[in-house]
Each structure stands twice: as C-alpha cells, then as structure tokens.
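Trainee: Could you walk me through this one? I'd like to start with the pockets and then look at the metal.

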Amino acid sequence: MEKKKVIDEIYIPDVGSQVETIDGKDYLITNDAMYTFFRRTKGEFSAFFLALKNEKRLLGCKCTKCGIVRVPPFLTHCPDCNFAPTEMIEVEQVGIMNSTPPITYFATSLFQHMAPYGRGRVIFKGADTAMSINLYTTTGILVPGIIKKGTEVKLIFRDERIGEMTDVFCVPTAELTREQINKKGLQESEINWETPQEPSLPPASEEESNHYRKALDEMNGLIEDMNRNKSARKAIAGWKRDIQVKTRGGQFAIMIEDGDIRLTESVLSSPDFIMVCDDIHTLLDGLAYRGAITDSVINKKIWISKNMEFNTIFKLDRMARFLVRSKKV
Ligand SMILES: [Zn+2]
C-alpha cells in the first residue's frame, strides 16, 4: 500500500515565484513553507479511538457512583461524585440531534475536501451527554432543514479509519433501511449515495419556454466567452465534469474538461451530477457574475445531486469572476 503523507500533496506547492498581472499591475507571488510536525498520543483515551478504528464500536464512560454515561469517554473520574472512577461501556450507534447543526460550505484548506458538512451534537442511545460529529445526507446537497434538532441520526464509519474523530459521521436514519439502522458498524460504502431525491419541476408555459430559449442563448454566449478566456480556463484546469442541467423550460448539458467548457442541448446518459434550477435565470445570473451560484445552492434555488460537487459549483463561480475581471482590463 502506498504510504499516505500527513500533509496532502496538493497542499505542498513547488518552490518558486511567479508574477500575476491584475488590472495592469504586476504582483510578485512566492511560495513559502512553514511546517510543524509533532507526534501526539491519545494516552488514556486510546481505547475509545481504537474501538472506533478496529472494532467499529462507540464507547462511553459510566460513573461507578452516579451512573452518568459520558460520550465520548473523556473523563476517567466523575467531577460530580468526588472523583469516583468511571468505567468504559459501549453505547448504541443511533442518536438524536441535540441542536440544529450549522453547515460549513467554505472550510479552511484542511477541511475543504469534506465540505459541505454539518457539525452538530448527538446524544446516542445509552448516553447522557452529546457528542460533536460531522453530518451528511445521502439525498443530494446538504442544505438547511434536512437535519434539525430532534432528527434521529445513525453513526457511520469511514471505510478507511485511522483512529480520529473524523473516522465517523452521521446521516439521518430516515434515509436508511431498517436493516442498516440496526447494523452495528455500518460503513460508508454500505450506504446508497446514488439515489438522491431530485426536485420535480412543473411544466413550462409557452411564455416560460420562450423565456428559456432566450436565456439559453445568452448562457451559450457567456460560456463561449469563458472558453476563450485564459484566466477563466485556469479555474477549471485539470477538472472534468459532465453536468446535466434541468430547468423548467428544458434541459441541457455543461461539459467541463481541463480548461474547456461547452454547453450542448443534450441529455447525457451518465452525467457526473445533476443540477436542477427551476428558473434558468438563476444559473445565468451566476455565470454572468450577478450573484454567486454557490449562494443559490445554499439558498435552495439550485439543487445538485451530489454533496461533494459543491466544489464544481465553486469553480463555476470562479470562472464567472475571472471572466468579468479580465473584461475590465
Ligand atoms: Zn458520578
């Protein structure tokens, strides 16, 4: 097996410098490095992390005097009982949201590969305290309203575990089968991530169809501009995605391939993801840099079928921004 580095290769740029010209002025950019490496022991809490990693079990600590169960088990002695010792016990892997989780869409570089994710507190069955955990949905993009205070969730284990809190996350039990909910140590690969719940669109009136045709022409022109634009192309370098876009007036495809971007009026047999946007103008405005597409996704005006494709939406916003900026020069 290839040895994985602590810091991902993509965060380690080459040594050197470059000049970037913005609004006719030259700016010098250099790549510098700052490293801090350290070994860290989980010490007396190793049992909790080893149970997650090796046995797919969730442990808590129970006070031998008052019986309170704390999860995670990060107290060896109970502060409420004159420091009576606690003992490790296993708790269940289904719990209830203790609060409505905020959703992180724009994370720092350390966590961007995990975004968008919810971060909330769950009280698992058998526990008296809430555990902080990341939250996902299998229904498409994670937006407010899917997971709330009181939502029942299930603990899911990453296929590849290293003994960290990020080895586990939760999804709503409403998205799982009874068998999956009851299974202990359910892994991410055992969940169906490929059946998102696509919003349905009402049929278009004649006026709406005409409105769609006009907007589509405008969008096509814009995408051709992007395709010819050096800095816009940079935003999608090395990226390849076939996106099926469904709107009230009709559907089309946006294809991205390593700097190239094209719009075709076709129905793809296997798109990388689907975008549903009732009014084509919402997407058109985003591509024309009149409001961000990411905002439209967060505000539920645009739906995407895969949570992790928020990254692609982010790139489309960057293309729009780069195109507008380079036109100003
Ligand atoms: Zn106690």
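Trainee: Okay, which helices and strands each supply at least two residues of the second largest pocket's lining?
Mentor: Those are β1 (16–22), α4 (230–234) and α7 (310–328); helices are DSSP runs of H or I with at least four residues, strands E runs with at least two. This is a predicted model, where local features need pLDDT of at least 70 and side-chain atom pairs 80 or more, while totals for chains, interfaces and linings use all residues. Residues are numbered from 1 along each chain as its sequence is written, and side-chain values use heavy atoms, without hydrogens and water.

Trainee: How much space lies in that second largest pocket?
Mentor: About 540 Å³.

Trainee: And which residues are closest to its centre?
Mentor: Glu20, Thr21, Ile22, Ser231 and Lys234, out of 14 that line the second largest pocket. A pocket here is an open set of points on a 1 Å grid where a 1.4 Å probe fits, with protein on both sides within 12 Å along at least five of seven lines, and lining residues have an atom within 4 Å of a point.

Trainee: New topic: what holds the zinc ion?
Mentor: Its protein donors are the SG atoms of Cys63, Cys66, Cys78 and Cys81, 2.3 to 2.4 Å away (donors are N, O and S atoms within 2.8 Å, or 3.2 Å for Na, K and Ca). In sequence the donor residues are spaced C-x2-C-x11-C-x2-C.

Trainee: Is Cys63 buried or exposed?
Mentor: Cys63 counts as buried because its relative accessibility is 3%. Cys66, at 42%, counts as partly exposed. Buried means under 20%, exposed over 50%, partly exposed in between, using a 1.4 Å probe.

How values were computed:
Grid points are joined across faces, edges and corners, and a volume is the space filled by probe spheres set on the points.
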